[in-house]
Amino acid sequence: MATVDLKDVKKVYPSGFEAVKGVSIAVPDKELCVLVGPSGCGKSTLLRMIAGLETISSGTVAIDGKIVNSTGPTERDIAMVFQNYALYPHMKVYDNMAYGLRNRGTPKDEIDSRVRATAKILELSALLDRRPRELSGGQRQRVAMGRAIVRNPRVFLFDEPLSNLDAKLRGQMRVEIKNLQRSLGVTSVYVTHDQLEAMTLADILVVMNAGLVEQMGAPLDVYERPASTFVASFIGAPPMNLLPLSQGPAGPALADGKTIEFAPANAVTLGFRPEDADVTFGAEAPSGALILPALVEAVEPVGAESFLHCAAGGSRIVVRVAGRATATVGNQLRVVAKAEKLHWFDQAGKRVG
Amino acid sequence: MIGQSPLRTVIAHAMLILGILIVAFPIYYTFVASTQTLQTILRPPLPLLPGDQFWNNYSEALFGGVGRIGGVSVGRLLLNTTIMALGIAVGKIFISILSAYAIVFFRFPLRMTFFWLIFITLMLPVEVRILPTYKVMVDLGMIDTYAGLIIPLIASATATLLFRQFFMTIPGELVEAARVDGAGPWRFFFDILLPLSRTNIAALFVILFIYGWTQYLWPLLVTNSSNMNTIVIALRKMVSFADADTQWHLVMVTAMLAIVPPILVVVLMQRWFVRGLVDSEK
């Protein structure tokens, strides 16, 4: 139905603050693009520029190949789900959903059938005569979704729509949004600061930091090959372990002075995911692997897995072990990570190799 | 209340009853006086119970025309005052809600300058600008007209500020949602802002209606013909210098009638804005 193309989009506020410093993203038809990043990274500003709620300082935003820089939000034919839902408090659920259609001059009977059909999809049929304040958070969220869906727009925009829900409901709604988006086949842009939401929802994951795109790609590609230390530490929970390397006489070395012979020469940071390491009490040393003597400082049993927080190589690291951990606090053990599971980053924090 | 002892209940009720008596007794006494003949009133003490002249006095005041104020009936006075009070209340709300809407939701050059200009007029009550205003009204030929009674009092900095404060509590997301839903400035104003302001409008209407109803100085200046007098002015005119000339029984009737419309407005609107409070968000 529609593509969304951003070309070198910038946002400079009158105060001189540059919120978005040149972002180019192409969202193909029917795909869901998630913008993720810490607060203040410019992701919401970017979304609002796509919506037409914020002016574009330079660059272009195109929907379906047509540049929409100077068109208003109404003419862009987008629908937006807001963080606080932004339901009209004095209108019934039905009118909340019908309002956008009425403003477009849709015939009455068509409005009625569309609202009722949408309400059915979202299981809101019984609530059509209620007002927003009589609804629970999850129901309000559904109405906000319904208001977007009923318009049958070219693009859905989501601005952290789940951040006001409790964890359980958030998990449910996440699945529902994904299914809805897929079955309706509407191109979507979704902003969140929750990396789990980002990973599970995205067709295209865009990691943003300080107004710039750090990395863009399929979620698992981003997870497996983070382009920078920022992405490595932002995506994944618990985040990737990052250890500083110093330049020893025979190449990059750990803080304790031990040279890592298979490290790229310009690597200054070494990273590995908590699940990519094993712990061993023995002395056997597999070749081509990173071996770190570690002291267990805390054990977090989660049920299906346990996380060992250890002091190793002058830093804190986290290692995931399946099931119950045999190690206890105070144990001295060795963390082993295979060479192919290691990530290397250079002085600028960029990925090496 | 939590932990209310019987003694405290008694004291609280005693205080409330005393307060009501202090407020209500003069009104009751006025009512009593309005049902007596002039002779009874002029010969103290005045009885504490209503007399038998209720129909005579009230019909004379309402329909007979009272000599003292140029033969104008109380009905005409009530009409004049109602038109003026309604005009002031509705006009003030209309103008202030629109100016607050402009100041809060639109970005235009000198926006804050205009805001401060409105704000500063708070310091200029009618009395301060009364001479220039009078001159303008004379030049425009608005003496003895409803427009002359209403227009000079119609702008309200206070109401503008109240609406501004209320509008600023409306979340930006709501405004944006309306924009995405295709609501232009007028649609947003009528479909969203106005319904949300219902409670504020009702409360302001009560306050402003009573403000208009009790205006004294301005109607006194701007009306010459008895036909255009408001009830407050007429009451003043009915009370003569020589006590014997004053038709006290009719003065009392007029006073009683003068307080009925404000009471009606308060009672009716109170219901309305309490419901508004319950109905609106949260």
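The exercises below work through a predicted model with chains A and B.

**Exercise 1. Describe the overall build of chain A: its extent, its secondary structure and its burial.**

Step 1. Start with the extent. The C-alpha trace of chain A spans about 75 × 45 × 35 Å along its principal axes.

Step 2. List the elements. Chain A holds eight helices and 21 strands.

Step 3. Turn to burial. Of the 353 residues in chain A, 40% are buried.

Step 4. Look at sequence separation. Take the contacts in chain A between residues at least 6 apart in sequence; 65% of them join residues at least 24 apart.

**Exercise 2. Into which domains is chain A divided, and what makes up the contact between them?**

Step 1. Set the bounds. Domain 1 of chain A covers 4-233, and domain 2 covers 241-352.

Step 2. Place the centres. The C-alpha centres of these two domains lie 39 Å apart.

Step 3. Count the contact. Domain 1 of chain A gives eight residues, and domain 2 of chain A gives eight residues.

Step 4. Sort one side by class. Where domain 1 of chain A touches domain 2 of chain A, there are four nonpolar, three polar and one charged residues.

**Exercise 3. Give the strand order of the five-stranded open sheet in chain A, then name its edges.**

Step 1. Read the order. The strands of this chain A sheet run 15-19-16-17-18, with antiparallel pairing.

Step 2. Find the edges. Strand 15 (277-280) and strand 18 (315-322) of chain A each pair on one side only.

Step 3. Add the twist. From one strand to the next, it averages 45°.

Step 4. Zoom in on one pair. Strand 15 of chain A pairs with strand 19 (residues 332-338) of chain A over four bridges, in the antiparallel sense. In strand 19 of chain A, A:V336 stands opposite A:D278.

**Exercise 4. Which is buried and which is partly exposed: A:E160 or A:A210?**

Step 1. Check the backbone. A:E160 has phi near 45°, a positive value in a residue other than glycine. A:A210, also not a glycine, has a positive phi of about 50°.

Step 2. Locate both. A:E160 sits in the loop between strand 7 (155-159) and helix 5 (167-184) of chain A. A:A210 sits in the loop between strand 9 (204-209) and strand 10 (212-217) of chain A.

Step 3. Apply the cut-off: a residue is buried if 20 or more other C-beta atoms lie within 10 Å of its own, exposed if 12 or fewer, and partly exposed in between.

Step 4. Decide. A:E160 has 20 C-beta neighbours inside 10 Å, so A:E160 counts as buried. A:A210 has 15, so A:A210 counts as partly exposed.

**Exercise 5. Where is the cis peptide bond between A:A237 and A:P238 found?**

Step 1. Confirm the geometry. Omega of the bond joining A:A237 and A:P238 is about -5°.

Step 2. Locate the proline. A:P238 lies in the loop between helix 8 (229-234) and strand 11 (241-244) of chain A.

**Exercise 6. Analyse the side of chain B that touches chain A.**

Step 1. Count. 17 residues of chain B are in contact with 18 residues of chain A.

Step 2. Assign elements. Helix 9 (172-180) and helix 10 (185-213) of chain B each supply at least two residues of this side. Helix 9 of chain B gives the most, with six residues.

Step 3. Sort by class. The chain B side divides into eight nonpolar, two polar and seven charged residues.

**Exercise 7. Compare the listed transmembrane regions of chain B with the model.**

Step 1. Take the record. An unreviewed UniProt entry lists "transmembrane region" for residues 7-29, 83-106, 113-134, 146-167 and 248-273 of chain B.

Step 2. Examine residues 7-29 of chain B. The span is 100% helix and 0% strand, with end C-alpha atoms 32 Å apart.

Step 3. Examine residues 113-134 of chain B. Here the span is 59% helix and 0% strand, and the end C-alpha atoms lie 27 Å apart.

How values were computed:
Residues are numbered from 1 along each chain as its sequence is written. Chains are lettered from A and ligands numbered from 1 in the order in which they are written. This is a predicted model: local features need pLDDT of at least 70, side-chain atom pairs count only at pLDDT 80 or more; totals for chains, interfaces and linings use all residues. UniProt positions are given in the numbering used here, feature names are shortened, and annotations may be inferred rather than shown by experiment. Domain bounds come from an automatic or database domain assignment. Two residues are in contact if their C-beta atoms, placed from the backbone, lie within 7 Å. Ala, Val, Leu, Ile, Met, Phe, Trp, Tyr, Cys and Pro count as nonpolar, Asp, Glu, Lys and Arg as charged, and the others, Gly among them, as polar. Two strands pair if DSSP finds at least two bridges between them. Axes are lines fitted to C-alpha atoms, for helices over the stretch in contact, and angles run from 0 to 180 degrees between N-to-C directions.
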